[in-house]
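Thanks, everyone; I will take a few minutes to go through this chain, beginning with its charges and ending with its core. Please keep the structure in view while I talk.

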Amino acid sequence: MDSAHLERIAELRNSGRLEEAIQESQILLAETTDANEKASLLTGIHAFYCTLGSLVEARQTLVQLQHLEISDLRVRLNVDFCEPTLLIQEGRNEEGISAFAVMLNQYCENLKEPQFS
């Protein structure tokens, strides 16, 4: 991925310009073919939409994420974290808590490792 674009996205995020961060992310998304890189970008876009309260767009982004074959465990953990957090933000607390529990059970051994905790 283009590091200048990634730096720009981080800069926009840090300055609270999330709509612009989404646009920059989408530009980079269109240029990448790697599923893990796409997932990382989409996870960021998802988080930006959640922060903005744009839950319909966040849900649409999550659907895109669910169609990717992600091989990087760190990326997979971030992607799988999106569903429960979105459910809770949507006010579906019981479903969100259940989704968190499933995630914790699925990755309990990995989460014991310092790089994933």
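In this predicted model, the chain carries 9 positive and 19 negative charges, and the mean positions of these two sets lie 2 Å apart. The accessible surface of the chain comes to about 6,900 Å², and 51% of that area belongs to carbon and sulfur atoms.

Turning to the fold, the chain has six helices and zero strands, so that from the N terminus on the elements read α-α-α-α-α-α. The radius of gyration is 14 Å, which is close to the 13 Å that the globule rule gives for 117 residues, and the chain is therefore as compact as a globular protein of that length. Along its principal axes, the C-alpha trace spans about 35 × 30 × 25 Å. If we take the contacts between residues at least 6 apart in sequence, 48% of them join residues at least 24 apart.

What, then, about the interior? Of the 117 residues, 33% count as buried, and the largest nonpolar core has 23 residues, with Ala-39 and Leu-65 making the most contacts inside it. At least two residues of this core come from each of α1 (3-14), α2 (18-31), α3 (35-52), α4 (55-66) and α5 (73-89), while the largest share, seven residues, is supplied by α3.

Finally, which residues does Ala-39 touch, not counting residues up to four places away in sequence? They are Leu-65, Leu-68, Ile-70, Val-75 and Val-79. As a general point, nonpolar side chains in soluble globular proteins tend to be buried together.

Terms used:
Residues are numbered from 1 along each chain as its sequence is written. This is a predicted model: local features need pLDDT of at least 70, side-chain atom pairs count only at pLDDT 80 or more; totals for chains, interfaces and linings use all residues. Side-chain values use heavy atoms; hydrogens and water are left out. Helices (H or I, at least four residues) and strands (E, at least two) are DSSP runs, numbered from the N terminus. The radius of gyration is taken over C-alpha atoms; the globule rule is 2.2 Å times the number of residues to the power 0.38. Buried means under 20% relative accessible area, exposed over 50%, partly exposed in between (1.4 Å probe, protein chains only). Contact means heavy atoms within 4.5 Å. Accessible areas come from the Shrake-Rupley method with a 1.4 Å probe; for residues, only the protein chains shown count as cover. Lys and Arg count as positive and Asp and Glu as negative; His and the chain ends are not counted. The place of a charge is taken as NZ of Lys, CZ of Arg, CG of Asp or CD of Glu. A nonpolar core is a set of buried Ala, Val, Leu, Ile, Met, Phe, Trp, Tyr and Cys residues joined through side-chain atoms within 4.5 Å.
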